[in-house]
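Thank you for making time this morning; I would like to talk through one structure with you, slowly and with the coordinates open. Please have the viewer ready, so that you can follow each residue as I name it.

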Amino acid sequence: MNRTYLLQALLCLCAVSLSAQSEIAILQEDFPPRESYADPLELNNFLASKHAAVRLISSEELSREEFLQPEKIEAVILPYGACFPFEARDVFVHYLKRGGSFVSMGGYAFDDLMKKENGSWVKFETDDLNLLLSGRRGQPGDWVRFQPEQIVIFDPTYPFKRVETISPDPQSPLSVGDWSYTMPLEGFAATAMSGGVSPVFPDAYADWHPLVTSYDRFGRPRGSVFSVMVHHDGPYQGSKWAFSGATNVNLFSKSHPEMMEALWQTIQFMQNPERKKPAVPSPSLPSATYSKITFSNNYFQVNGEPTILFGCNQTGMVWYSPRENAETWERDFSRMRVYGMRVLRILHFSPFAARGYEGRAGHSAMDLAKRPPAKLIEQTDQLVQIAGKFGVALILTLHDWLDVELSDEELEAQRTWCRFWTNHYKESPHVFFDIQNEPSVLPGESSINRTLWNRFLQETYRTDSAVKEAWGKYAADETLGSIPCQAGAEEWDNPRAFDYNRFRVWLVERWINANMEGIKSGNPEAIGTVGFLQSEWQADKFLPTGRLDFSNTHYHGPFDRFSPIFKLTDRRFRGQGLSVGEFGGWDAHEARKKGLFQDEVRSSIHHFLAVGHETLGLGGGMALNWDLKDLDDCVFPWGLTYAQDAVPKDWFYAYRNMSYFFRSFRPCYEAPDVFFVLPDNHRLGAKIHVIHRAMRAAMDQMFSCHVNFGVINEKDLFELPQSAKHLLWPIPYCPDDDVFEFTVNFVKEGGNLYFSGGIGFDAAIKPTRIKRYAQLGLKEQEPKDPFQIDIPKEKQDFIVSKVGKGSVYFLPAPIELAEMKDLSWNPYKEFFHQAGYAGIEAQPDDPLLHLFSIPETNGRRIYTLYRNDRASEPADYEIQTIGGRIALSLGPWETGLVEIDEQGRIFSIEGTGSIQQNQEPLVETDAHLMIQSADGRPIGQSQRICLFPTRGGMCSIWNEALKDPQLIAGEIVNGEWKTHEALNLKKDDKRLHLNIDEDRTYCMLIIKEKSDEFTLSEF
């Protein structure tokens, strides 16, 4: 062969080979400059030095489908952070769907879709989800739904904070050496949604790998700096994404050669991503700590000690997701344990009796009649075992998404299901049971509803003539057995509406009783409840709940509205202590679901502290956050840790600190002498929404009085404790005759009664009980429709009468039906004043200050404060306690607390500003702190003091005992105390001086003698 011809042939082969080789494309454009953007030329030269096939491309080339082919372009590097050319959107999405890949750096990727106008790039604004590319915004809801094409990486509410260093992540699949940069980062952690959009049945589409991670000065992770995600399923199957969200520095430059090397190894990894993810070490395990948790005297007892329990919830994805397994649960329960979380409630259980493992929620009550699937039993056994090992109680929500309006056969199936699980865990004292999550009873015209409705009417009236007589003009030509299940007109005097709402109560009671029978037949010692919605409309949570072991309500909304909803569920008079089954950081959730770049840390900390303190102060025993963690495969932004990297949100630290602060309290029930009476017959009438709204407003007026009080239904007044001396009965109007007679006797025996509006109607809303006024020592009044009365806002005089040994204070206006917050006076405070009853004294007498006291088994008393006020400035308060006057300051929405005994010795205190006792200084601070003695001595004489900060600042503590004081900053890690920092404290005279900087704010702090080896232990 001719030599020249051979050389030409070889050159042709090389050209074919080179043209067939896929390339790495680097976008080069003149977007408005930012300091975090990488230099495309520098990236090009670096990759070329690695002998990579690389080329610079323009937006126009990126927009050409014939150019952007996965077989030609192996990966696209996007150096411009949020900026991406809108014209390339559709082609780029198509490229990724066919297995193409990208590397984004320098900001929140794809968030600024750019268009060129008059030679300059400008941001293209749109609210059309079909045009968005970034996953910052989606369709907002309880969770955020996205279009399949959206690229859901980063989280607008997860910015870098308190970053001191960055270094390779221990779980990185790369080998980039051991290095560290000191670098205060700004921008966004490189996390992502790696699956479908269901919070219960999430399908995993991709594996996320952290490459480089940031840390605070104590070595705690602060978020991923550079990550890669490999899609094995879903709309982007085969695609690989690498991304970094720093916005204050160009990480990918010759100034940071280690990051450039990480970039190169990432590109190689994206070519061959089959390397196994390094094994995650299991947490070090404590010895088996099965806590015996019982419920008595209105509180949970942990190994015989009354304890305020904090915890969280989790969705049914624990049974569905392939990411959930024994290893995952070990880490989750270990973290709960060391963060002071003692309870995990798990929902969405019953769908797995049917097709839950197929991702199908739909099932029926009859699916519960058979033995549960073996897989469900095995998984739940593992959960129960691991929870017990870490001392965490488990609440199983026995069914979800099922009706309450059930046939007798369906109720029997639910009994069977309940009986199986309570018997199965009979030897597991740390397992409780929630019958159903948030039941809703809105019966319509189904055959089962009509059958049950007519059964209820038959039991109530017996005959057709009795129904017609009771319903009067609202009775149609109907006979028992075939009366339609309808409430009729929304009119005050409609007794059919009253019966309809009573029927709804009857349905709930029938359902609860059947399920509690199943629970108790499986294990008489099992503890059961129902987690009700915050609204009273979906299902009445007051009258039908007598068989439950404790009451439980959920709350999601702004935290200033929580307390009335919670307090209305107080049934401690019969031993059913109250609890919060769900609450969460509402403002943070709203910010994420709307895609806002908004830091809601302070409001979220306020929310968690307010719920915790109000739970304690209002007599509750448990509060559970919704939920444990943000999910990897769904943007469901309620968690205490962020998705993928599990970095704790800042309010998780505050929640932890509050839990450790509360852990030593031993609350006990003290039967109050004041009771608020719910007007059952009136509130179950046609204006049910209005009456319940009025009751919540009335609660706010009660809180302004600074009294400890209980709540009772008028139908339960026969169980009124002997301690009761004062009843407040707003707008009763139409109580049952026996309820009224009981109330008259209560007054005759020396009680004080407040009531408002009127009392002259019978239970059928007919004006036939005018003589009741005389029994209460009052002049007869013509009964009037309360919704047709003008209610004055100015102060009104009570009509006062003596009846036997007691007194009646009657306010003719139905004052609770007004906007009570607009009243010029507080009728309840005036009642207490005239009745000679004093609450807890507070100066100033701020109506927005919530102030309660709870006794302890050790003879101490806890005073809780919560300033339910959006004002901008701190306020100074002075309260009277059993041990003297305590002065402190509270900012808007802030909480305070004093634990004190009758000798005036203070063992725990919380607040800010100048904290004093009887004008003697205790603490001076601009931080917000929870301070507690750890050696049984008062704080001023203690040699071991624990500090649980929620806001940093300077602090001075008066203490006589510590001579050579030392501050230890640390936390519990894997069951053991880890010291992050130790420093000697300055002391002058009796004052200890310390500075709680931002990093220390998210620690637990100990002040002790330098020679003392004491550290804080876990629960």
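I will go through helix packing, then cysteines, then some backbone details and two loop residues.

Please keep in mind throughout that this is a predicted model.

Let me begin with helix α9, residues 408-424, which I will discuss with two partners, beginning with helix α8, residues 374-389. The axes of α8 and α9 come within 12 Å and cross at roughly 40 degrees, and the two helices are therefore oblique to each other. The crossing of this pair is right-handed. If you colour the contact, you will find L376, I377, T380 and D381 on the α8 side, meeting W417, F420, W421 and H424 on the α9 side. Sorted by class, that contact of α8 with α9 holds 5 nonpolar, 2 polar and 1 charged residues.

The other partner of α9 is helix α12, residues 495-522, and here the axes are 7 Å apart and the packing angle is about 35 degrees. The crossing of α9 and α12 is again one that we call right-handed. From α9 the contact draws on D408, L411, Q414, R415, C418, R419, T422 and N423, while α12 supplies R510, W511, A514, N515, E517, G518, I519, S521 and G522. The classes in the contact of α9 with α12 are 5 nonpolar, 7 polar and 5 charged.

A further helix pair lies elsewhere in the sequence, namely α2, residues 40-49, and α5, residues 257-271, which pack at an angle of about 65 degrees with their axes 11 Å apart. α2 passes α5 in a right-handed crossing, and the residues that make the contact are E42, L43, F46 and L47 from α2 together with M260, E261, L263, W264 and I267 from α5. This contact of α2 with α5 has 7 nonpolar and 2 charged residues, and no polar ones.

Now to the cysteines. How many disulfides does a search of the whole structure find? The search finds 0. C418, which we have just met in the contact of α9 with α12, has a relative accessibility of 0% and therefore counts as buried. As for C946, this residue is in no disulfide, and the nearest cysteine sulfur, which belongs to C1003, is 13 Å away. C946 also counts as buried, because its relative accessibility is 3%.

Let me turn to the backbone, where I would ask you to look at two peptide bonds. The bond that joins W626 and D627 is cis, with omega at about 0 degrees, and D627 has its place in the loop between β25 and α16. The peptide bond from Q843 to P844 is cis as well, with omega near -5 degrees, and P844 sits in the loop between β32, residues 842-843, and β33, residues 849-855.

There are also two residues other than glycine with a positive phi that I want to show you. N298 has phi near 75 degrees, and is found in the loop between β15, residues 293-296, and β16, residues 299-302. D989 has a positive phi of about 55 degrees, and its place is the loop between β44, residues 986-988, and β45, residues 991-996. Are these residues buried or exposed? N298 counts as buried because its relative accessibility is 2%, whereas D989, at 71%, counts as exposed.

I will finish with two loop residues. F110 lies in the loop between β5, residues 102-104, and β6, residues 112-117, and with a relative accessibility of 2% it counts as buried. Setting aside residues up to four places away in sequence, F110 touches L78, G81, A82, F84, F92, F102, L133, S134, I151 and I153. Of these, please look at F84, which is 26 residues from F110 along the chain, with a separation of 5.5 Å between their C-alpha atoms.

The other is A643, in the loop between β25, residues 622-625, and α16, residues 650-662. A643 is buried, with a relative accessible area of 14%. Leaving out neighbours within four places in sequence, A643 is in contact with T191, D630, L631 and D632. Finally, A643 and F243 are 400 residues apart along the chain, while their C-alpha atoms are separated by 16 Å.

Technical notes
Residues numbered from 1 in each chain as written. Predicted model: local features only at pLDDT ≥ 70, side-chain atom pairs only at ≥ 80, totals over all residues. Heavy atoms only, no water. Axes fitted to C-alpha atoms, helices over the stretch in contact; angles between N-to-C directions. Helix = DSSP H or I, 4+ residues; strand = E, 2+ residues; numbered from the N terminus. Parallel < 35°, antiparallel > 145°, perpendicular 65-115°, else oblique. Left-handed = near helix turned anticlockwise from the far one by under 90°. Contact = heavy atoms within 4.5 Å. Nonpolar A, V, L, I, M, F, W, Y, C, P; charged D, E, K, R; others polar. Disulfide = S-S within 2.5 Å. Buried < 20%, exposed > 50% of the residue type's maximum accessible area, 1.4 Å probe, protein only.
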